[in-house]
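Student: Could we go through this model together, starting with how its helices pack?

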Amino acid sequence: MSHQLAAHPARPSGLVIAGGLIGTAVVAIAVNAVVAVIAHAAGASDDFQPLQLSAYAPLTVFGVLIAAAAWAIIRARSARPDRLLRTLVPVILIVSLIPDIMVGVSDSRPGTSWGAVIALMVMHVLVAAVAVPAFRRFLPLPATRD
């Protein structure tokens, strides 16, 4: 019986999920704020809108929500969610960097510099570094059977 419980973790309550999502988003926004402050201190222009709280905070919340939804779907439907997520998370993270690189290459926004673009890329990585352990905690994956 304990094996069955380990293989299929209890479904988390709505309150646990909501709290986990809010906490994850708050921590991710705070980490991004630190990156933005450091980037500005290192010379990134204040004119570079993506490093403004009003730009990255809603996008961070949106990213956390989309990632959590995908995590939950994979958790519920995949026969081997841990294996799938070990591949999918890095691939999606790399793909998420492409628009940042395109901003740097095209120099399409006021105040664009490679320092600012690298800060955006660091933000993506840090949001993933915050979100994945949080999801593992409040949306635990089933144990794999050997």
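**Helix packing and an aromatic cluster**

Tutor: Gladly! In this predicted model, the axes of helix 3 (residues 53–77) and helix 5 approach within 11 Å, crossing at roughly 40°.

Student: Is helix 3 parallel or oblique to helix 5?

Tutor: The axes cross at roughly 40°. Angles under 35 degrees would count as roughly parallel, and 65 to 115 as roughly perpendicular. The crossing angle therefore makes helix 3 oblique to helix 5.

Student: Which residues of helix 5 make the contact with helix 3?

Tutor: Helix 3 brings Tyr56, Thr60, Val64, Ala67, Ala68 and Trp71 to the contact. The residues of this contact divide into 9 nonpolar, 1 polar and 1 charged. On the helix 5 side, the contact is made by Met123, Val127, Val132, Phe135 and Arg136.

Student: What is the handedness of the crossing?

Tutor: Here we look at how helix 3 passes helix 5. That crossing is right-handed.

Student: How many aromatic pairs are there in the whole structure, and what is the geometry of Phe135 and Phe138?

Tutor: A search of the whole structure gives 2 aromatic pairs. Phe135 and Phe138 form an aromatic pair with ring centres 5.7 Å apart and planes at 90°. Both residues lie in helix 5 (residues 114–138), 3 residues apart, about one turn of the helix. Planes over 60 degrees apart count as edge-to-face, so the Phe135–Phe138 pair is edge-to-face.

Student: Are Phe135 and Phe138 buried or exposed, and which residue joins them in an aromatic cluster?

Tutor: Phe135 has 2% relative accessibility, so Phe135 counts as buried. Phe138, at 8%, is buried too. The residue that forms one aromatic cluster with Phe135 and Phe138 is Trp71.

Key
Residues are numbered from 1 along each chain as its sequence is written. This is a predicted model: local features need pLDDT of at least 70, side-chain atom pairs count only at pLDDT 80 or more; totals for chains, interfaces and linings use all residues. Side-chain values use heavy atoms; hydrogens and water are left out. Rings of Phe, Tyr and Trp (its six-membered ring) pair if their centres lie within 6.5 Å; planes under 30 degrees apart count as stacked, over 60 as edge-to-face and the rest as tilted. Helices (H or I, at least four residues) and strands (E, at least two) are DSSP runs, numbered from the N terminus. Buried means under 20% relative accessible area, exposed over 50%, partly exposed in between (1.4 Å probe, protein chains only). Axes are lines fitted to C-alpha atoms, for helices over the stretch in contact, and angles run from 0 to 180 degrees between N-to-C directions. Angles under 35 degrees count as roughly parallel, over 145 as roughly antiparallel, 65 to 115 as roughly perpendicular and the rest as oblique. A crossing is left-handed if the near helix is turned anticlockwise from the far one by less than a right angle, and right-handed if clockwise. Contact means heavy atoms within 4.5 Å. Ala, Val, Leu, Ile, Met, Phe, Trp, Tyr, Cys and Pro count as nonpolar, Asp, Glu, Lys and Arg as charged, and the others, Gly among them, as polar.
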